[in-house]
Amino acid sequence: MQSFRNLPFAALRGIAFALFLTLAGCAGGGTDGAGEPPETATSIRSAPASLSDQDAVTSAQQALSFELISGMNRSAATISADLRLPPSGSNATHISWASNDTTLIDSQGRVSRPPYEAGDHSLVLTATVSRGKASASRQFVLTVLAQPFGDSEAVSSDAAALDFGTIGALNSSPTQISLNLNLPVSGSNGSAIQWQSSHPGIVSAAGVVRRPASGQPDAAVTLTATLNLGDASAQKIFSLVVSALAGNDFDAISADHDWLGFEVIRGGNSAPTAIVTDLLLPAAGPNASIISWRSDAAALSDSGRVNRPEGAGSAVNLTATLELGVETLQRSFELVVLGPADPVDYRLPPSGIGVFHLESPDTEDGDAAASFTLDLGEDPKDVYLIVTNPSQSDARDFPVLGPSPLALPAEETLAQARSEARSTDSWARQQGEGVDCPQDVALFNSDPWRYGDIETSAQSEFEKVSAPAPPPVADMEGDSRVLFDADDERLDATCRKVVSNGTRTLSIWVADDAWSGAGCSRVNCTDQSQVDQLAAQFLRPGPDNDIYDWVSGIFGSEWGAHDDPGLIAPDGNISIFLFDINDDNSTNGGVLGYFHSRNNFRAQVFPSSNERLMFALDSVLFATSEGGSWELYDRWPQRLVSTLAHEFQHMVHFYQKQVLARGSSETWLNEMSSMVTQDLVESRLHIDGPRGVPWFEGSAGSTGNTQGRLGRFIKYDYLPLAHWFRGGSDRDGDDNVLNSYAINYAFGAYLARNFGGASFFRALVQNPHGGARAIDAALLSEGYPDESFETVLQKWGAATLLSDHTAAQVPPRYRYNNGSYLDASIDAMPFQLGSINLYNYNYDNQSGPKIFTSMPRSGLAGRYKSSNYLYRLGTGLSGVLNQEVTLAQGTRLSVVIK
């Protein structure tokens, strides 16, 4: 059976249309409406011979249709069999055929389907009709389906889905393992998984962790998963570091006491006051303390089993007793176990805008029934349902697009990411778009110790850098040196600008072949005036007047003291390197710039490290004017300045979260923070940000907006949030990196406008957690103990639907659209955020949020992990509405009335 996993929407629509035609054809007995056999490639009717060559060609060109060439294919969007390409047409015309991708369809119409893992591919087939000196062409846009899903594809898919988020359990990072792992023995596509550990005494094949004793070094362990199905096989390797136990018993038990928070035991529950499903009560702490549990109410057993009471909820005091040697500590949890999921009787507030969330417990049997009653009053209302899948690891069946479960790609190798980055960069140049960072660089930045292959050989690598770092050498204008790009290529460069604000020094380096003068080989060359203006945007004397002040004022310092001998010493210097990224000489888009954390390491660890805090910016695009003389606020120069703010967040993020806090970082969280940075500083820079509305407008702008990131979001608002797609832009929604940018900015913009603006994102970057736990920690830090990643994911879906209403009409925490600027200041440093109305955006014929009008017969579900699915229940409704639903295990349901 053909899998629908990688089909683009256009293809799916084509399938639906083809099925309709097939059913209609049964009734028609295989003839057209007049009872005659349909025309084929061999029965093109002839026109009068008296036609001129041009008229004959035009008539034959107009007669060409997909039906004439389709062969056994049902639609242009579902090509799987050879086409029938006639060599001649009516009126004695000749037809020649050309494909822009002969690896898929050649000029004879022969079809070669791509492998399953490559997904479906589209191409253009051109027919050129000629007679005499006259000619005309006709193009057919075709999509060739990938090969069917087999054992090899099933194993590859299961291997791709097997990531640290799946096996990590309560461990936050592969470099800080202290608790047992969750090692599955089978994949979602039927493959059997066997595990092998390089040190079974530390991590067993069942995932049991035994930490090294106190005083011993942390242990590096390689865990190998072997997946088998039929004759197909694949391996997935995880490099882990198991933390040694803490020092004395008191320190160890105190650390376990601090670790034991509600996040550890919550299970599938959203808050301590809303317990509906069993808790996960550990029997031991990460530092070897023994934990026993005691509940004072029948609604919750000592083992964490929930027995929901009849009627009102039940207050429970749950006590954990930790013991280690002679030391004993206790920790109590005040909980409320809710009563049964009674039908909700909801009445609209006077504003006429309503939002409520139905409880959907995880039951042993899977799905759960729920119902609600709405008193809508006499005025017609529109009612929407939002299905939320808050899981970070589990995908659900998608309601409309078919039964095949989604197998999201795992974090791949740098080589694979680099290949995808090249595809996206090529597309961006063709479309006149800019890409903020190559995806292989973003992948490396998420965990340099892992992707730089220094995690598994840490001891030998760091022995090389045991000697003190040499003293820093200050850059001077006119200095020359060789600098490395992201591909390890050596480029001759010269320092063209040095400026200081008293505490930091900025050096701007330009590749010699990009500098204005006789030696420049680029189509646009960088000159001194451009460099001077760029320097003034990033760093200048005085407070609160440049990108450095604003971004470090939000997130903290970009570099400072640390105890990692593999990293460079702090010296107060930052560099910008201008060169033609990817050597493409493009003036119409491509990679704009990047921050590469490899440069923060000493050259003894990474030989191609530039051993400096450094940004790369594309020199050709920066020097591109819109006609006439170059201005800083021409299109591409201003995009590069905005990119500098984006990449500076990445630089700060690496130091604050991964070096200082010793935490983990996930690409989606890091990129979301950078796009919100652009959002926050757009009015300070006087540059339009990812919102796509002019920086000087606090309103949500006007309809038909095709600018910024949010157009793609309204087209693909059902895709996963907490997963970073790395596929090239030739892919559709299921694996297109540009869609990840859009979805993550939309979520970040919502968080910033509802939970504290710049202050929330400082808390997000400065806590040690990655992914959803980082959101939870930031919410708690900013004074929202009743919120979690799950609850704000639900509210975000509702805010999307309500963004066409201003804040005065919408309940707090559901607001995108304030009607004007929203204050987002931090530490007396002013920032403001403009309003967002998602109904104002248009992308690829989609206006406003993507709202579905069908649901699966088997109940409601969210196919993608960490996603929302927006569904219109009805429009123009009034009176009392009674609705029953069946909720898939683990999903959440929200109702929006407006």
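**Exercise 1. Classify cysteine 520 by burial: buried or exposed?**

Solution. Cysteine 520 has 16% relative accessibility, so it counts as buried. The cut-off for buried is under 20% relative accessible area. Bear in mind that this is a predicted model.

**Exercise 2. Find the bonding partner of cysteine 520, and give the handedness of the disulfide.**

Solution. Start with the sulfur atoms. Those of cysteine 520 and cysteine 525 lie 1.9 Å apart. A disulfide requires sulfur atoms within 2.5 Å, and this pair forms one. The structure holds one disulfide. Next, take the torsion about the S-S bond. For cysteine 520 and cysteine 525 it is about -100 degrees, so the disulfide is left-handed.

**Exercise 3. Classify cysteine 525 and cysteine 495 by accessibility.**

Solution. Cysteine 525 has 24% relative accessibility and therefore counts as partly exposed. Cysteine 495 has a relative accessible area of 1%, so it is buried.

**Exercise 4. Describe how helix H16 packs on helix H18.**

Solution. Locate the helices first. H16 spans residues 667-685, and H18 spans residues 737-754. Their axes are 8 Å apart, at an angle of about 60 degrees. The crossing of H16 past H18 is right-handed.

Now list the contact residues. H16 contributes Trp668, Glu671, Met672, Met675, Val676 and Asp679. From H18 come Tyr741, Asn744, Tyr745, Phe747, Gly748, Ala749, Leu751, Ala752 and Arg753.

Finally, sort the contact of H16 with H18 by class. It has 10 nonpolar, two polar and three charged residues.

Notes. Residues numbered from 1 in each chain as written. Predicted model: local features only at pLDDT ≥ 70, side-chain atom pairs only at ≥ 80, totals over all residues. Heavy atoms only, no water. Axes fitted to C-alpha atoms, helices over the stretch in contact; angles between N-to-C directions. Helix = DSSP H or I, 4+ residues; strand = E, 2+ residues; numbered from the N terminus. Left-handed = near helix turned anticlockwise from the far one by under 90°. Contact = heavy atoms within 4.5 Å. Nonpolar A, V, L, I, M, F, W, Y, C, P; charged D, E, K, R; others polar. Buried < 20%, exposed > 50% of the residue type's maximum accessible area, 1.4 Å probe, protein only.
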